[in-house]
Amino acid sequence: MADPVLKWAGGKRQLLEEIYARFPSEFAEYHEPFLGGGAVFFDMEPRGGTVNDTNPRLVNCYRVIRDRPEELADRLAAFDDPESDPDPELAFAAEDWKDRSVDQYFYQQRARFNRRAYADETWPDDERSRIEEAALLVYLNRTCYNGLYRENSDGGFNVPIGRYADPDWVQADRIREASDALARTEIRNEDFEYVLDAAAEGDLVYVDPPYEPMSATADFAEYSAEGFDRDDQERLLRVASELDERGVNVVLSNSGVTFERYREAGFDVTREGATRSINSDETARGEVDEIIATNVPEEERSESPGQASIADF
Ligand SMILES: C[S@@+](CC[C@H](N)C(=O)[O-])C[C@H]1O[C@@H](n2cnc3c(N)ncnc32)[C@H](O)[C@@H]1O
């Protein structure tokens with residue numbers, strides 16, 4: 001059992017038991033097309049299969065965690081306390097990408113991270129650059145306010161500094177465990193529909209999309225500049241139905257407004273009330289109406305997910 005390296009909006013740690021209760025007791029390969037922080041994947045450590053996310057910075061980070069865990073941990077250990085002064089040795093010590101002056105180490109790293117997003121020539125094109133990119137993402141994620149990845153409409157990471165008594169941004173052991181968990185997994189960076197090609201009969205697909213908003217003011221779908229709109233939600237329902245027709249096990253979480261749609265499509269749907277600390281505004285936290293839908297028949301489910309050997313299928 002590994003732990004997630006990153007904190008991510010929509011993290012599923014509080015819902016693990018309910019999700020596992022729908023998993024089949026046996027399956028071949030495991031696929032997670034909306035990985036995010038990967039709470040389910042890292043807890044389960046499946047053998048083989050695929051994980052995927054459209055966020056290229058997140059995917060780069062997981063590839064570095066899998067392939068270069070020691071270099072990543074070493075680089076992270078060289079980072080400084082977020083509240084200390086900017087490092088004069090590092091580029092962009094004086095100003096951020098909007099030319100505002102930067103007076104703390106945290107904001108210096110944030111400015112470096114955002115500069116990279118806009119300057120094509122600095123986007124990871126060699127191993128060292130990919131490790132630097134991943135280290136910046138982990139450092140910012142562990143030291144920013146509430147540990148959220150959030151981009152403004154220009155695609156810049158805009159979360160302010162967090163207040164932690166003793167922030168641990170290195171987490172070398174977590175990185176090593178996550179690296180082992182990812183060792184046998186293909187990491188992809190594309191739209192979720194790839195799973196129609198990747199998943200075979202007897203496999204298990206756990207689907208955790210950006211939730212459809214419960215109301216016009218809720219913004220659960222805004223994980224990145226791209227967003228995930230109503231058409232994407234409808235496309236996802238079609239993909240889930242097609243997987244079902246092909247004998248693939250599907251377990252899906254989404255917001256309560258999708259209840260009827262998944263039931264009409266033939267899935268077994270239940271409502272769950274989970275407390276999500278997704279919103280940085282304390283007053284907006286609270287019970288979120290969400291569903292879990294599955295096509296796994298009750299008699300094939302298990303409280304503790306297991307993986308059958310590929311040879312059994
Ligand atoms: C709800 S989060 C997943 C949370 C995750 N289960 C966890 O425990 O942290 C949804 C993820 O889907 C990704 N995403 C958005 N649109 C996508 C698409 N069209 N295809 C694949 N991934 C997408 C986002 O970048 C985000 O990381």
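In this predicted model, the largest nonpolar core comprises 54 residues, and those making the most contacts inside it are F23, Y30, Y62, I65 and L76. Two or more residues of this core come from each of the helices α1 (16–20), α2 (39–44), α3 (56–67), α4 (69–77), α5 (105–118), α6 (127–143) and α7 (172–182), and also from the strand β4 (204–207). Among these elements, α6 gives the most to the core, with eight residues.

Two cysteines, C61 and C144, were examined for their exposure to the surroundings. The relative accessible area of C61 is 0%, so this residue is buried, the limit for that class being under 20%. C144 likewise counts as buried, because its relative accessibility is 0%. With a disulfide taken as a pair of cysteine sulfur atoms within 2.5 Å, the count of disulfides in the model comes to zero.

The ligand is surrounded by 24 residues, of which W8, G37, D53, D191 and D208 come nearest. Sorted by class, this shell consists of 11 nonpolar, seven polar and six charged residues. Contacts to the ligand involve backbone as well as side-chain atoms of the protein, as the following cases show. A polar backbone atom of K12 lies 3.1 Å from an oxygen atom of the ligand, and a backbone N or O atom of A39 is found 3.4 Å from an oxygen atom of the ligand. In the case of D191, which is also one of the residues that come nearest, a polar side-chain atom is placed 2.9 Å from a nitrogen atom of the ligand. Of the 600 Å² that the ligand exposes when taken alone, the protein buries 96%.

Two further positions, R301 and P24, were considered individually. R301 is located in the segment after β7 (286–294), where its side chain is joined to that of D268 by a polar contact of 2.8 Å. A polar atom of the R301 side chain also lies 3.0 Å from the backbone oxygen of V296, and the side chain of R301 thus has both a side-chain partner, D268, and a backbone partner, V296.

P24 is situated in the loop between α1 and β1 (30–32), and it counts as buried because its relative accessibility is 2%, where the class requires a value under 20%. Although P24 and N249 are 225 residues apart in sequence, their C-alpha atoms are 7.5 Å apart in space.

Definitions and conventions. Residues are numbered from 1 along each chain as its sequence is written. This is a predicted model: local features need pLDDT of at least 70, side-chain atom pairs count only at pLDDT 80 or more; totals for chains, interfaces and linings use all residues. Side-chain values use heavy atoms; hydrogens and water are left out. A residue is near a molecule or strand if one of its heavy atoms lies within 4 Å of it. A polar contact is a pair of N or O atoms within 3.5 Å; within protein, one must be able to donate a hydrogen and the other to accept it, and residues adjacent in sequence count only if both atoms are side-chain atoms. Accessible areas come from the Shrake-Rupley method with a 1.4 Å probe; for residues, only the protein chains shown count as cover. Ala, Val, Leu, Ile, Met, Phe, Trp, Tyr, Cys and Pro count as nonpolar, Asp, Glu, Lys and Arg as charged, and the others, Gly among them, as polar. Buried means under 20% relative accessible area, exposed over 50%, partly exposed in between (1.4 Å probe, protein chains only). A nonpolar core is a set of buried Ala, Val, Leu, Ile, Met, Phe, Trp, Tyr and Cys residues joined through side-chain atoms within 4.5 Å. Helices (H or I, at least four residues) and strands (E, at least two) are DSSP runs, numbered from the N terminus.
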